[in-house]
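Please open the model in your viewer and keep the selection panel at hand. The tour goes from one selection to the next, with a short account of what is found at each stop.

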Amino acid sequence: MTDAATFPVDDGWRQTHLGRLLGHAMRRFDQRVLHLMAHDAEVPLALSNLAARGQVSAAHIHITRHLAVQGARLQELAESAGMSKQAMGKLVDQCEAWGLVTREADRRDGRAKLVRFTPAGLAWLRGFQRAVIQAEAELKLAVSPEVATVIALGLEAYASA
């Protein structure tokens, strides 16, 4: 067991390791996407107002990122987002109350429900796409297109390993 007196004083590595930098970059990217969506005239007004007031969080973006356009069961959606079924269920409840998604009977299994985008949810998804494209373009301007390509290739390789 190591006590504090023998632990190295230089602990700057905790602020600069790749995991922390990736986390900061992801939060910045998601915040920019939400900001762009909040100011997108084509996003339904009630939803853009929620984003503008900070009511929509990165957690809600999990549904936007992971819900297939044709719909998905809650368990599939949770697995895709790397969340528990219970946590995803709470997000789906909130998004359903906002009119982003609906739950419908699954034709393959009458006991199961499919989570699907509503028409407003599809407009939100299109706004998400526009915001992601713009945020990626801004990232490329900030670091250069070449560095952005290297970042994307490196992250893709790391995530798939």
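Begin by selecting alanine 72, whose bridge partner in β3 is valine 115. Bear in mind throughout that this is a predicted model. Add arginine 73 to the selection, and look across to leucine 114, which is its bridge partner in β3. Together these steps show how β1 and β3 pair, namely in the antiparallel sense and over two bridges.

Next, keep β3 in view and select strand β2, which covers residues 101-106, while β3 covers residues 109-117. These two strands run antiparallel and are joined by six bridges. To follow the pairing by eye, select threonine 102 and find its bridge partner in β3, arginine 116; then select arginine 103, which stands opposite valine 115 in β3. If you trace the chain from β2 into β3, you will find two residues between the strands, and the two strands form a hairpin.

Now show the three strands together: which order do they take in the sheet? The order is β1-β3-β2, in an open sheet with antiparallel pairing. The edge strands are β1, at 72-73, and β2, each of which pairs on one side only. As background for what you are seeing, strands of a sheet pair through backbone hydrogen bonds, and they can do so in a parallel or an antiparallel way.

From the sheet, move to helix α4, residues 58-66, and ask which of its residues are buried. They include His60, Ile61, His62, Ile63 and Thr64. To see what covers the buried residues of α4, select elements such as α2 (18-38), α5 (74-81), α6 (85-98) and α7 (119-143), and then add the strands β2 and β3, which also belong to the cover.

For the next stop, switch to a surface view and select Leu18, Leu21, Leu22, Leu139, Val143, Val147, Ile151 and Leu155, which make a nonpolar surface patch of about 640 Å². Colouring by helix is helpful here, since α2, α7 and α8 (145-160) each supply at least two residues of this patch. Now pick out leucine 155, which is found in helix α8. Why is leucine 155 described as partly exposed? Its relative accessible area is 38%, and a residue is called partly exposed because its value lies between the limits of 20% for buried and 50% for exposed.

Finally, select the whole protein and zoom out, so that the separate stops can be placed in one picture. The protein has eight helices and three strands, and along the sequence they follow the pattern α-α-α-α-β-α-α-β-β-α-α. The C-alpha trace spans about 60 × 40 × 30 Å along its principal axes. The radius of gyration is 19 Å, whereas a compact globule of 161 residues would have one near 15 Å. Buried residues make up 30% of the 161 residues, and the protein exposes about 10,700 Å², of which carbon and sulfur atoms supply 58%. Among the contacts with a separation of 6 or more, 54% are accounted for by residues 24 or more positions apart.

Note on methods: Residues numbered from 1 in each chain as written. Predicted model: local features only at pLDDT ≥ 70, side-chain atom pairs only at ≥ 80, totals over all residues. Heavy atoms only, no water. Pairing = 2+ DSSP bridges. Helix = DSSP H or I, 4+ residues; strand = E, 2+ residues; numbered from the N terminus. Buried < 20%, exposed > 50% of the residue type's maximum accessible area, 1.4 Å probe, protein only. Contact = heavy atoms within 4.5 Å. Patch = residues over 30% accessible without salt bridge, like charges linked within 9 Å, V, L, I, M, F, W, Y side chains within 5 Å. Areas by Shrake-Rupley, 256 points an atom, 1.4 Å probe, with all protein chains shown as cover. Salt bridge = Lys/Arg side-chain N within 4 Å of Asp/Glu carboxyl O. Rg over C-alpha atoms; globule rule 2.2 N^0.38 Å.
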